[in-house]
Structures are given as structure tokens and as C-alpha cells.
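Student: I am new to this structure. Please take me closely through one helix and the core beside it, then through the aromatic rings.

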Amino acid sequence: MKDHTENVRTVFEKAPFAVCAFDRSGTVVYINKVLESNMDPSTMPFVGKSLYELIHTFLVDDRLEKNLKRLIETNKPFNIVVETLSSPKVKASGFINITGYKVDSLYVLIGDFMSGGVARESRYRTLIEDAPDAILIMNHGFITFANQAFVDIMQVPITEILGRSLFDFVDEQGREALSPLRRKTARKFFTQVTVNTKTGQRVVEGSFQFIEDRPGTSLAMLRDVTEKVLLQKRLMRQNQDLAAINTISKTLSSSVDLVEVLQKTLEQVLQIMNIEMGFIHLLDERKNVLRCVVSHGITDDILESLREIRVGDGIAGRVAAGGKPIIIENASMDPRLHSITLRQKGLQSYASIPIQSRTRLMGVMNIGSFGQRRISPEDERLLITIGVHMGAVIENIELFQEVSRTTEELRDALDLIRQRNEELRQLVSTVSHDLKNPIVAINGFCERFMKTAANKLSPKELQYVEAIRESGRHMEEFVSNLLTLSAVENLKLKKEEFSTRDVLDDLLKDLSPLIDATQGRVIVERDLPTIKADRLRVTQVFTNLISNALKYAHPDRPPMVEVGHQLQGNQHIFSVKDNGIGIPEEHHRSIFDIFYRASDNHVEGTGIGLSIVKKALSVMGGDIWVKSQPGKGSTFYFTIPKE
Ligand code: ADP
């Protein structure tokens, strides 16, 4: 018993509030200085007296007595606010916040004077008790009242809270934050502290306020914000991770040089993660090995040992084989780490992360720290995301390189085709030029021969000579058309202003034998414009289109050709319309190709006319197309720019 009294004394001797301890019989065994100095000396000594007697000398109501009895019978702690009698025996009168609970074999009463304000609040005691926020009343930090919400946070019985200092429950930082509580008065303040509870650390925050007329007494309203703080931390981490991914994404797309991109990205990852060394392996699928392409913060001898790793070997090899990251917390002890050199250099933590595209593994990123830096699960998540980004980018760069290669090959092929085309054009031009004179000569001699020797030849012989003459004429037309085509392509463009009406009048005169032979009619719109273009080429366009319109006449009707014009924006649109055999849709594009002949018609031709037209127009910046209904007729439209 003596020991227990001593224990109480050591705990409460210097307490800033009144303390009194008594035994099971209600006999007082100890009072502290604060209580002694608040009582009239005539009531002394307390020790040895019955507490029940004493109570009646200075208290108004009998609730304290009832609570004391119950405490002794049931060990149930209590906390009440009682009012003292205005008696000369009590120096300070007013409201006292009294807490009673069992300590060892003794019972302890803690009494703390309260201001009128708090006393009034005592009427709302149930409200305070049931408040969802923790409410504490403290004297210089020593807790003289705590509601259920605070007990719930601390997860210990109220007896382990009352009489203790709030400073005992917090860490160094918390003690710093709560330091104003040690003073007599201070401004109201708001703070957040971490408290050690029975089951771990919780974060509470709230306001601390001093009670005006009770120096040293403060009231705190606290709320458990552990979840909120955790969430905030998680959000902050997520924000940081997003920013990191953003930075890395920018670096990843900064170039199409794979090694440059990987080197920069690795350096950035190490910087963001605050880790010293790293290297990246790319997978050679054919040989099933990983090859180190970039590194940072490692010496040449280590690099040499990591240059090539078989899939399945070591940590990187296992990551490549399994596609899952490997994190090593204690590298010096982990048998999976093969590199003795790395271990000798004091590697602490290590992470090996797959670099994966949507479809396949591209490589492995390895990072490690020689210091105390640990790789947390959050770090691991970030690294995995970065690995996926890297995978997509590497795949894109590879695709880009492949496309570039193909484009280059195509460009080479196109150059070759252009070169061959030019050679061919030259050949055609030279050959037709060289052929023209001999053909003209053959035709001339053939005609003369027919005139002089016709009556000496048998009908069969005459037929043969006529066939020679016919073929000769066709060849002459063919060669002449080829020469025209070549001229249309190569002759210098000569722009002049001329009346299209004049051009048509002239060329219709030239075509009159054909018009007469086909019994056709050509109607030209009256208001044909004056245009600025190459007169020779325009003449070639009209000549070819009108002679075709006459040539491809319908067997049932004589050809009727109409030439029209309209101005649309900056373009002259001319049309040549006929009522001939028409052109099936599938030929509409090809008829402008050289040597292409659409129909199995019996009309003679070379298949060069429309290519001359197309070429002539394209040299002048114009275009041509056809609309046609087989059996009814065709209309060719062509454009010539106004300027
Ligand atoms: P060619 O008349 O010597 O065969 P073109 O290049 O002038 O060569 O014409 C190509 C083909 O287009 C012709 O063979 C013919 O089938 C078709 N074609 C051209 N103009 C007409 C037309 N006005 N009506 C019907 N078919 C035409």
C-alpha cells in the first residue's frame, strides 16, 4: 500500500491540478500541493480523514459521493463537473471538473477548476460526451477530461488517458506543434499531430483554445483525419506520378533515334526516382538474348558483365521470361542477384521492369540504388507504367524505321521508272523521226508504181499492192501521231491571245473532207471566247476530239457534232458533243492512255489521239474527262485556265 501511495505521489506531485488518493475504506492517503493550497488550513490535514466527510464540507451536491462509492464497488471510472460551496474553507470556488479512477490498489480523484464558460458547457455534457469529434480539457497539457470519441481514437481505457499529458502520446514533431499548451495562456491555434494509439499511429487535427479565466486550462476539439491524410498522400503521389509520366512521355517522343530516346528516358527515370544507376536491355528475339543498349551510373567492368544476358538467366533474364517485374529489397542477401560486382559495390535495392508493347516484350529496364532508397509498391506501379509507355514508343520507332526503309526503296524504284520512261520517250521520238522519211518514200513510190503499172498487173497483184499502200498509210499516220505526241510534250509552251472561233473555222476547213465523207455536221456555238493559251496545242485538242466525234459515228445516223463553251470561275470549259456509238463506263479513264482503243470498233486508228489531247491540256494546266451513254453519244469536256 505504501508503495502504491509513493507511486501516486511521483506521478501527481507536480501536477498542475488538484489530486487526491484514497483507499477502499474511503480514507485519504495522499493529496498534492495544488489541492492543499486551495483549501483552508483549518481543514488540514486531509490525510487520514474520511473522504466522504470532507466532501460535504465543500461540495454542493452529492453526486461525487455516489460516484465514489460506485468506483470502489465496480472500479468504474467517472467524470463529473460539480460546484463547490461558497465556503471560507475553500479558497477558490466555482465549477470543478472531477475525474475518478482506480490506480493500483488506490483510487485517485483529479479535480480541475473550470471557467464559468466551461461550467455552462457542462450542462451540455451529454452532447460533449456523444460528440463525433474528440474533446479534451487539459491543464498545461495534462488531460483532465476526454470524451468517448477520443477514447475511441486511442483505443485504451479512459483511465490510461486521464491524468496523462497529451505530449506523451505524440511524436517529436507533435510536441513542437503542441508547445503553446504548456503556457498559461496562448492564442487559439489549429494543428495536426500524429498520436500513438494502442493499435498504431493516427493523425488528428483540430483547434486548441485557452479558457479565459483559468490560466493553463485549454480545450481541444480534434478529429481523426488519418484516412483523409492517407488519401491526400496517395493523391499527391498520383499527381507526382502523372507529372513524371508526362515528362517521360515527352522525352520518349522527342526523337526517332532509339538509343538517344532510351538514354534520355533512363536518365529521367533515375532522376525522378532519386536512384543512382540503371541500364536497359533490348530483346533480340531471334537469338533469345537481352542486349544492353544504354546505361547510367555504372562502371565499365559491371557493364561488361551485363552486356548480353540469356533470357531466363539472372534477374533481367527472368523478367524477360516471365514478363513480370522483380523488386529486390536487400540486394546483398538476395541469391537471385547474380552480379557479384554489383553486390560488392554495395547495391541495396534493385528493380527490374519489363518493357512491353501491346503484343510483345521489347526489353527490360533495370534500376538500382546503392544508398538507403527503398523501392515502394507505388514506385513499382510507376515503373510498370513507364515500362508500358517505353514499349509502345520502341514499337513505334521500329515501325517508323521500317516505313522509312520502305519509302526509300519506293523512292529508288520511282526514280528508276522515271529514268526508264525518259529513255523510252527518247527512243520513241528518235525511232519515229527516223522512220518517217523512209515511210513517206515507200508510200510515194507505191503510189507512183500503182499509177504506171496498174494496167500491167493482174487483179490479185493489184490487190497486194493496194494492201501495201494501205499499211504504209497506217504506218505513216502512226509515226506522225507519235511525233505529234512527242512534240506536244516537248515543244516550248507559247502563250498568245487568240479567238477560239478562228481556230475552229480554220480546222473545220481542214476537216471538211472527213465531214463530207461521213455526211456529218459540226455546229459551233456562236459566242466562243478569246483565250490566252498555246494556239497550236488548242488546235490539236479540237482537231482530235472533232475527228473522233466524226469517226465514231453511229451506223444508223450521220454524225452530229456540237462544240460548246462556258466560263466557270477561272476556267474555260469547252465541250465536244456527238451522237455516236458512245463509250462504256469501264473505258472512260483508260481511253486517255497511249495505244488504248476502247471498242472492238472497225474504225481505223492508232490509240494515240486522246493521249495527245491529254498531254497538250496538261502542259497548259488544263484537264479532260468524258461523259457518255453507249449507243447514244459522248461528250468530252476539257478545261483551260483563264490566265
Ligand atoms: P484512236 O481513235 O486512234 O483509236 P484515240 O486515242 O483518239 O485513238 O481514242 C482512243 C479510243 O477512244 C478509241 O479507239 C475509241 O474506242 C474511243 N473514242 C474516242 N473518241 C470517241 C468518241 N467520240 N466516241 C466513241 N468512242 C471514242
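Tutor: What follows starts at one helix, moves into the core, and ends with the rings and a second core. Keep in mind that this is a predicted model.

Start with helix α16, which covers residues 500–518. Look at its N-terminal end. Ser499 caps it. A side-chain oxygen of Ser499 lies 3.2 Å from the backbone nitrogen of Arg501. Now follow the helix along. At Leu511, α16 bends by about 55 degrees. A proline, Pro513, follows within four residues. Just past the helix comes Gln519, with a positive phi of about 55 degrees.

Next, see which side chains of α16 face inward. An α-helix has 3.6 residues a turn, so residues three or four places apart point the same way. The buried residues of α16 are Thr500, Val503, Leu504, Leu507, Leu508, Leu511 and Ile515. They pack against several elements. Among these are the strands β17 (495–499), β18 (521–524) and β19 (530–534). Helix α17 is another partner, as are β20 (560–568) and β21 (571–577).

Val522 takes us further in. Setting aside neighbours within four places in sequence, Val522 is in contact with Leu508 and Ile515. Both of those are buried residues of α16. Val522 also contacts Ile546, Leu550, Val561 and Val563.

Val522 belongs to the largest nonpolar core, which has 41 residues. Val522 is one of the residues with the most contacts inside that core, along with Phe542, Ile546, Phe636, Phe638 and Ile640. Helix α17, residues 535–551, gives the largest share of this core: seven residues.

Stay on α17 for one polar residue. Asn544 lies in this helix. Its relative accessible area is 17%, and the cut-off for buried is under 20%, so Asn544 counts as buried. Beyond residues up to four places away in sequence, Asn544 touches Gly609, Ile612 and Val613.

Now the rings. There are nine aromatic pairs in the structure. A pair of aromatic rings is described by the distance of the centres and the angle of the planes. Take Trp625 and Tyr637. Their ring centres are 5.7 Å apart and their planes lie at 15 degrees, so the pair is stacked. Trp625 sits in strand β22 (residues 624–629), and Tyr637 in strand β23 (residues 633–641). Twelve residues separate them. Trp625 is partly exposed, at 32% relative accessible area. Tyr637 is partly exposed too, at 23%.

Ring pairs also join Phe542, Phe574 and Phe638 into a cluster. Phe542 and Phe638 were named above for their contacts in the largest core.

Rings meet charges as well. The charged end of Lys614 sits over the ring of Phe592, 5.8 Å from its centre. Likewise, the charged end of Lys69 sits over the ring of Tyr52, at 5.4 Å from the ring centre.

Finally, turn to the other core. It lies apart from the largest one and has 39 residues, among them Val29, Tyr30, Tyr101 and Ile110. Ile110 is touched by Ile98, a residue of strand β4 (residues 95–103). Ile98 is buried, at 7% relative accessibility. Leaving out residues up to four places away in sequence, Ile98 also touches Leu64, Phe78, Asn79, Ile80, Val82, Leu109 and Gly111. For a sense of scale, compare Ile98 with Asn274. They are 176 residues apart along the chain, and their C-alpha atoms are separated by 55 Å.

How values were computed:
Residues are numbered from 1 along each chain as its sequence is written. This is a predicted model: local features need pLDDT of at least 70, side-chain atom pairs count only at pLDDT 80 or more; totals for chains, interfaces and linings use all residues. Side-chain values use heavy atoms; hydrogens and water are left out. Rings of Phe, Tyr and Trp (its six-membered ring) pair if their centres lie within 6.5 Å; planes under 30 degrees apart count as stacked, over 60 as edge-to-face and the rest as tilted. Helices (H or I, at least four residues) and strands (E, at least two) are DSSP runs, numbered from the N terminus. Buried means under 20% relative accessible area, exposed over 50%, partly exposed in between (1.4 Å probe, protein chains only). A charge sits over a ring if NZ of Lys or CZ of Arg is within 6 Å of the ring centre and within 35 degrees of the ring normal. A nonpolar core is a set of buried Ala, Val, Leu, Ile, Met, Phe, Trp, Tyr and Cys residues joined through side-chain atoms within 4.5 Å. Contact means heavy atoms within 4.5 Å. The bend at a residue is the angle between axes fitted to the seven residues ending there and the seven starting there. A polar contact is a pair of N or O atoms within 3.5 Å; within protein, one must be able to donate a hydrogen and the other to accept it, and residues adjacent in sequence count only if both atoms are side-chain atoms.
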